[in-house]
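Welcome! Take a moment to look over the sequence and the 3D structure, and then we can walk through them together.

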Amino acid sequence: MTIFRYAELARVVRNGFVESRHYGSVVVLAPDGKIALSAGVPDEPVLPRSTLKPVQALACRIAAGDELTGPALALAAGSHTGDDRHVEVVRAMLAAAGLTENALGCPEDWPEDEPTRDRLIRADGQRDRIRMNCSGKHAAMLVACVARSWSTHDYLDPDHPLQRETAAAVARLAGAPIAHRAVDGCGAPLFGLSLTGLARTFQALVAAPAGSDEALVAQAMREHPEYVGGWNGHPNTDLMRALPGVLAKGGAEGVLAVAAPDGHAVAVKAIDGSPRATTAIALAALDAVGVPVGGADALRQVPVLGGGVPVGAVTAVIDWTTASSRTEAASPRTEKEES
């Protein structure tokens with residue numbers, strides 16, 4: 001594998017000097033499901049990491065029904081920052097299922113929200129499972145297991161009924177078999193997809209019929225973006241606030257998927273694993289196909305600082321004239337995922 005298979009997606013410019021470059025792949029689907037634009041190798045499998053949380057939340061919602069709604073459903077689909085308001089909802093989810101924090105299978109961690117972390121450290125606090133960014137997803141999985149009378153002690157086992165249901169949902173929305181199976185950082189099963197399949201997944205969520213479980217997941221995320229991320233400068237939250245109706249979820253190692261209300265969807269993978277430019281790249285891609293993104297102009301670049309003062313920026317630089325611009329169908333495939 002060589003970097004020359006990938007496209008240059010963003011540049012880091014400091015005082016007029018190109019300091020770094022981000023390479024990777026990006027694909028944009030038109031509302032009719034066809035590939036509108038692509039660069040790099042969008043059909044190469046990637047591990048979407050937390051970008052797949054909305055589908056994991058969907059599987060939990062299907063199993064638990066109305067026990068997962070509103071902020072709780074948004075938390076299930078999100079990577080929260082460990083704010084006290086996040087923790088309050090996670091605790092309520094567990095209590096409603098008759099469980100305690102000890103049932104969580106995610107690792108202990110500090111909250112990502114800096115004011116909360118600093119406060120806990122000053123108070124001699126410790127790393128805690130409930131503060132870990134995936135605790136909402138894990139709590140939702142436990143709620144789903146209790147609702148269906150499934151075992152909870154082994155809910156992260158790939159052969160557990162919930163994880164089999166999740167795998168089936170991933171393949172169904174992506175329209176293709178799972179390309180690779182792994183274990184995510186939080187301990188949950190992880191399912192590899194192509195970027196095209198990932199974009200198709202987000203397109204399916206925003207295009208789902210009103211009242212369906214898919215539509216309810218998307219609705220919860222868009223109505224409660226602070227529970228998908230956080231209140232203090234979280235890129236997914238900021239993007240959904242700036243562009244009402246947009247669905248956005250990023251994951252570790254430079255993955256991001258975004259779907260617009262009109263059905264356009266974009267998926268990005270920065271091959272160096274850095275997420276710092278992925279929002280700018282996704283916005284540039286949507287802009288290139290005519291999706292209005294003016295409300296998110298502040299997110300189109302990331303400041304590069306020198307002595308605390310902006311001296312440059314990280315911006316998207318995709319050359320769509322040399323990237324492939326295709327119109328072949330990207331409709332769901334017919335292969336069935338084994339489960």
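Here are some questions and answers about this predicted model.

Q: How many disulfides does a search of the whole structure find?
A: A disulfide needs two cysteine sulfur atoms within 2.5 Å. The sulfur of cysteine 106 has its closest cysteine sulfur, in cysteine 134, 7.0 Å away, so a bond is ruled out there by distance. Cysteine 186 is in no disulfide either, with the sulfur of cysteine 134 at 4.0 Å. The count for the whole structure is zero.

Q: Is cysteine 186 buried or exposed?
A: A residue is called buried when its relative accessible area is under 20%. Cysteine 106, at 1%, meets that cut-off. Cysteine 186 has a relative accessibility of 2%, and therefore it counts as buried.

Q: Which residues lie nearest the centre of the largest pocket?
A: Let's start with its size: the largest pocket holds about 750 Å³ of space. Its lining is made up of 38 residues. Those nearest the centre are Glu112, His234, Pro235, Asn236 and Pro275.

Q: Which elements give two or more residues to the lining of the largest pocket?
A: The lining of this pocket comprises 38 residues. Both helices and strands contribute two or more residues to it. The helices are H4 (114-122), H10 (235-242) and H11 (278-288), and the strands are S7 (247-251), S8 (255-259) and S10 (301-306).

Q: How many charged residues are in the lining of the largest pocket?
A: The lining can be split by class, with 14 nonpolar and 15 polar residues. The charged class, which covers Asp, Glu, Lys and Arg, has nine.

Q: Why is helix H11 described as largely enclosed by the rest of the structure?
A: Helix H11 is one of the elements lining the largest pocket. Its buried residues are Thr278, Thr279, Ala280, Ile281, Ala282, Leu283, Ala284, Ala285 and Leu286. H11 is largely enclosed because the number of its 11 residues that are buried is nine.

Q: What phi does glycine 290 take?
A: Glycine 290 comes just after H11. Its phi is positive, at about 90°.

Q: Which helix gives the largest share of the largest nonpolar core?
A: This core has 99 residues, and Val26, Leu68, Val258 and Val266 touch the most other members. The largest share amounts to seven residues. They come from residues 135-147, helix H5.

Q: Which residues of H11 does valine 266 touch?
A: Setting aside residues up to four places away in sequence, valine 266 touches Val26, Val27, Val28, Ala199, Leu256, Ala257 and Val258, among others. Its list also includes three residues that are buried in H11. They are Ala282, Ala285 and Leu286.

Q: Where does serine 50 lie, and which residues is it in contact with?
A: Serine 50 is in the loop between strand S4 (45-46) and helix H1 (53-64). With a relative accessibility of 11%, it is under the 20% cut-off and so counts as buried. Beyond its neighbours within four places in sequence, its contacts are Ser79, Cys134, Asp184, Lys249, Gly250, Gly251 and Ala252.

Q: Is serine 149 buried or exposed?
A: Serine 149 sits in the loop between H5 and helix H6 (161-174). Its phi is positive, near 60°, although it is a residue other than glycine. Its relative accessibility of 68% is over the 50% cut-off, so serine 149 counts as exposed.

Q: What phi does glutamate 253 have?
A: Glutamate 253 is in the loop between S7 and S8. At 42% relative accessibility, it falls between the cut-offs of 20% and 50% and so counts as partly exposed. Though it is not a glycine, its phi is positive, at about 65°.

Q: How far apart in space are alanine 72 and tyrosine 227?
A: Alanine 72 is part of helix H2 (residues 70-77), and at 10% relative accessibility it counts as buried. Apart from neighbours within four places in sequence, alanine 72 is in contact with Val89 and Met93. Alanine 72 and tyrosine 227 are 155 residues apart in sequence, while their C-alpha atoms are separated in space by 8.0 Å.

Note on methods. Residues numbered from 1 in each chain as written. Predicted model: local features only at pLDDT ≥ 70, side-chain atom pairs only at ≥ 80, totals over all residues. Heavy atoms only, no water. 1 Å grid on protein atoms, 1.4 Å probe; cavity = no way out; pocket = protein on both sides within 12 Å on 5 of 7 lines; lining within 4 Å. Points joined across faces, edges and corners; volume = space filled by probe spheres on them. Helix = DSSP H or I, 4+ residues; strand = E, 2+ residues; numbered from the N terminus. Buried < 20%, exposed > 50% of the residue type's maximum accessible area, 1.4 Å probe, protein only. Core = buried A, V, L, I, M, F, W, Y, C linked by side-chain atoms within 4.5 Å. Contact = heavy atoms within 4.5 Å.
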